[in-house]
Amino acid sequence: MDAKDILGLPKTAFPSVQEKKPRAPKEPQRKPDGVSREVYALTGGVGMAPLMPTIEASHLKRRPAVEKEKVAWQWLPFTSSARADNLQLYHWVRVVNGAPPTGDYHFAKYNKKADILKYTDEEYEKYLTDPISF
């Protein structure tokens with residue numbers, strides 16, 4: 001109030017009686033079934049879109065379908081085409097319906113051979129050394 005006196009402003013900047021605007025009456029929103037009071041309060045009572053697709057309750061009560069495949073793991077021998085000595089090794093293999101997998105060892109495709117260049121000392125001195133010596 002002292003600052004208003006110094007500046008010469010009226011003591012009441014706002015009129016004491018304000019006009020109230022009529023508000024539209026709120027319709028009470030009913031909490032949907034299956035939603036707890038706390039969750040409904042957190043969402044603000046607004047029908048928010050779900051973050052994930054919903055699953056019908058009837059799907060949850062169904063028993064899962066019986067799998068037709070019988071899967072087991074067995075300790076079986078194998079040889080790799082990447083080896084020249086036909087060494088027989090063992091590893092765990094996934095066996096479906098009692099039939100072990102056939103074919104070459106899965107990791108044999110990663111065995112890559114590199115071409116190695118061979119040269120004599122004379123060829124090295126002639127072609128591969130720098131002629132300018134310091």
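## A tour from Tyr90

Select Tyr90. With a relative accessible area of 45%, Tyr90 is partly exposed. This is a predicted model, so keep that in mind at each stop.

**Stop 1: the ring beside Tyr90.** Add Trp75 to the selection. Its ring and that of Tyr90 make a stacked aromatic pair. The centres are 6.3 Å apart, and the planes differ by 10 degrees. Now colour the strands. Trp75 belongs to strand β1 and Tyr90 to strand β2, 15 residues apart. The pair thus links distant parts of the chain.

**Stop 2: the surface around them.** Keep Trp75 and Tyr90, and add Val71, Trp73 and Trp92. Together these residues form a nonpolar patch on the surface. Their combined accessible area is about 630 Å². Which strands supply at least two residues each? They are β1, covering 71-78, and β2, covering 89-96. The top contributor is β1, with three residues.

**Stop 3: a second stacked pair.** Select Phe78 and Tyr105. Why does this pair count as stacked? The ring centres lie 4.4 Å apart and the planes meet at 20 degrees, and stacking requires planes under 30 degrees apart. Phe78 sits in strand β1, while Tyr105 sits in the loop between β2 and α4. Here 27 residues separate the partners, and again the pair links distant parts of the chain.

Buried or exposed: what is Phe78? Phe78 is buried, because its relative accessible area of 15% falls under the 20% limit. Tyr105 comes out as partly exposed, at 24% relative accessibility.

**Stop 4: widen to the cluster.** Add Phe107 and Tyr110. With Phe78 and Tyr105, they form one aromatic cluster. How many aromatic pairs are there by the ring-pair rule? The count is six.

**Stop 5: Ser80.** Move to the loop between β1 and β2, where Ser80 is found. Ser80 is buried, since its relative accessible area is 13% and the limit for buried is under 20%. Show what surrounds Ser80. Beyond its neighbours within four places in sequence, Ser80 is in contact with Asp104, Tyr105 and Ala108. Tyr105 is also a member of the aromatic cluster. Next, pick the backbone nitrogen of Ala82. A polar atom of the Ser80 side chain lies 3.2 Å from that nitrogen.

**Stop 6: two asparagines.** Stay in the loop between β1 and β2 and select Asn86. Its phi is near 55 degrees, a positive value in a residue other than glycine. Most residues other than glycine have a negative phi. Asn86 is exposed, because its relative accessible area of 59% is over the 50% limit.

Now select Asn97, in the loop between β2 and α4. Asn97 is not a glycine, yet its phi is positive, at about 55 degrees.

**Stop 7: zoom out.** Show the whole chain as a cartoon. How many helices and strands are there? The chain has four helices and two strands. Along the sequence, they run α-α-α-β-β-α. The closing helix of that pattern is α4, at 121-128.

Switch to a surface view. The chain exposes about 14,200 Å², and carbon and sulfur atoms supply 58% of that area. Of the 134 residues, 5% are buried; Phe78 and Ser80 are among the buried residues.

End with the contacts. Take those between residues at least 6 apart in sequence: 28% of them join residues at least 24 apart.

Technical notes: Residues are numbered from 1 along each chain as its sequence is written. This is a predicted model: local features need pLDDT of at least 70, side-chain atom pairs count only at pLDDT 80 or more; totals for chains, interfaces and linings use all residues. Side-chain values use heavy atoms; hydrogens and water are left out. Patches are made of residues with over 30% relative accessible area and no salt bridge: like charges are joined within 9 Å, nonpolar side chains (Val, Leu, Ile, Met, Phe, Trp, Tyr) within 5 Å. Accessible areas come from the Shrake-Rupley method with a 1.4 Å probe; for residues, only the protein chains shown count as cover. A salt bridge is a side-chain nitrogen of Lys or Arg within 4 Å of a carboxyl oxygen of Asp or Glu. Buried means under 20% relative accessible area, exposed over 50%, partly exposed in between (1.4 Å probe, protein chains only). A polar contact is a pair of N or O atoms within 3.5 Å; within protein, one must be able to donate a hydrogen and the other to accept it, and residues adjacent in sequence count only if both atoms are side-chain atoms. Contact means heavy atoms within 4.5 Å. Rings of Phe, Tyr and Trp (its six-membered ring) pair if their centres lie within 6.5 Å; planes under 30 degrees apart count as stacked, over 60 as edge-to-face and the rest as tilted.
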